[in-house]
Amino acid sequence: MKNVPIGQYMVNKGIITEEQLQNVLEAKKKENVPGKFFGDYLLELKYVTDVQFAQVLSEKLNVPFVDLTDPNLAISQEAVKKIPEALAKKHNVIAIKITGKRLTVATNDPVNFYIFEDIKVTTGMDVVPVIATKDAITKAIGKNYSMQNTDSILDSVNEQFSGEQGSSDDDAEGRIDNAPIVKLAQTIVENSFRAEATDIHIEPFKSFTRIRIRVNGDLIELMNVSNVVHNSLVTRLKIISGMNIAEKRVPQDGRFSQVVDGTTLDVRVSNLPTVNGEKVVIRILSTGDVALRKITELGMSDYNYKKFESMLKVPQGVMLVTGPTGSGKTTTLYAALGEMAKPNVNVITVEDPVEKNIEGINQCQINDKAGMTFAAALRSILRQDPDIIMVGEMRDQETAEIAIRAAITGHMVLSTLHTNSASATITRLVDMGVQAYMVATSLIGIIAQRLTKKICMECRTPRMSTEEENELMGITGSIQIYDACGCPACNNTGYRGRTAIHEILLCTPEMSSCIANGGDAEEIQKLAKSQGTKLLRDNVSDLVQEGVTTMDELIRVTYAV
């Protein structure tokens, strides 16, 4: 087996089929790109994941496999410093530990003798290779070298501004292109993305500027910088995001893109004049580079997933996703679009802004200044022979009416609304001025959703639930539940990642007549419950009982007076 080519080895092991092997070899022969290997084509065709391929390679070459994404893996900073950043990026390697005169180095190309010779000459140490995935190494390089760089960048920024009691506007503009400020702006976005943040807040105060990032829905402090740096940092961000740097009295919006660890980020910038200077909020959007979620990856319970699937099979009507800002509505809509966008249908979206570019879908960007509003775009879209229309948000009566008319005339319309529950969505549409009978005839169903934090499995602590908690969960006897604690793996927050909870209301014939007869939110909710709709609280209560989240999260997400 040792001398068998890797492709044949994988066929013998039953990991890929003979037919898949031939497809890969044909693609390799056809393209014939220097420096592109068998494994690259295998991953491109999605026959295996990068982790599976690395593990097979590890087994065949008898070189250990290391999972660099494992939070319990301690990478020695002393080892990292042994290989200069430029060399690490050139060969896509990272040193992870030192044992005497031996340096353990993670690589995705363990048979390339030249890489190890190069490292040996630079470090003067013997190299022990281990295998990791290309993606994981790129991220580890970014994360570990940026830790070292941040301190030196902050030092050089402070050094440059030291002795100044506040920077005048003229000074600020002269310094914008200076390397330390450029690097600082870049580093803030990089570190925030690596911490899986969704937003960055740059807030000016009298004596300092605070930089906070929103991770898992909570703001945590990233760093503080001297207030004399503030004007230059803001001006730098305004330049790259295409704002007017001379205008400091009115709010502005802009956007730019930045590549971090091989991922292109779409970054939206908003600034607001405050008494101490301009406050800047940066929204980091996962771009088209990040794969679309499949509908099976939305975190739905099996029960809700079946209901969601049945909604997607309906040929025409309106499907609404509701919830507050940042509750994952767009992700759910994109997953639904990905499922429905077949080659034989025409899909058009109207968004503000377009958050992800999807192959094979026509996406329109709203531009209010130019008169391209949701309503105007929708009207022209109806002349474009669409099968499926996605409206980013139903903001006003005009948009809602056109969308609902489009559904009645035989189109599938997907959209979002900001309401607190599925039943409240129907009354909101009627309040907006849409006739109740039109809502009743066009509606397929509504998905209300929230994001709830998942407890860290490494440090959660078990206890028995109290009577009050049993009542909130709707159960009778006490059960074992978990509290969040905090450890290095979860940055001492007690939580790691988020999952969505859903409340799905289907528009059955009984529901239609209830809506048409002017039923209020309470009546609609009562009927929905009798027809098997699980409310948000039921959903999050199940997660608490399964040990996925905590009682604190149940109260935070679903508490109502």
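In this predicted model, the largest nonpolar core (a set of buried Ala, Val, Leu, Ile, Met, Phe, Trp, Tyr and Cys residues joined through side-chain atoms within 4.5 Å) has 39 residues, and those with the most contacts inside it are Val318, Leu320, Met394, Ile426, Leu429, Leu443 and Ile515. Here buried denotes under 20% relative accessible area, exposed over 50%, and partly exposed the range in between, with a 1.4 Å probe and protein chains only. The largest share of this core, 6 residues, is contributed by helix H15, residues 397-408; helices (H or I, at least four residues) and strands (E, at least two) are DSSP runs numbered from the N terminus. Apart from this core lies another, of 31 residues, which includes Phe161, Ile202, Val225 and Leu237.

When its neighbours within four places in sequence are left aside, Val318 is in contact (heavy atoms within 4.5 Å) with Met394, Ala403, Ile404, Ala407, Val413, Ser442, Leu443, Ile444 and Gly445.

Positive phi values were also computed for residues other than glycine, including Asn92, with phi near 55°, and Glu196, with phi of about 60°. Asn92 is placed in the loop between helix H6 (85-91) and strand E1 (93-99), and counts as buried because its relative accessibility is 13%. Glu196, in the loop between helix H10 (179-194) and strand E4 (197-204), counts as exposed because its relative accessibility is 63%.

Residues are numbered from 1 along each chain as its sequence is written, and side-chain values use heavy atoms, with hydrogens and water left out. Local features need pLDDT of at least 70 and side-chain atom pairs count only at pLDDT 80 or more, whereas totals for chains, interfaces and linings use all residues.
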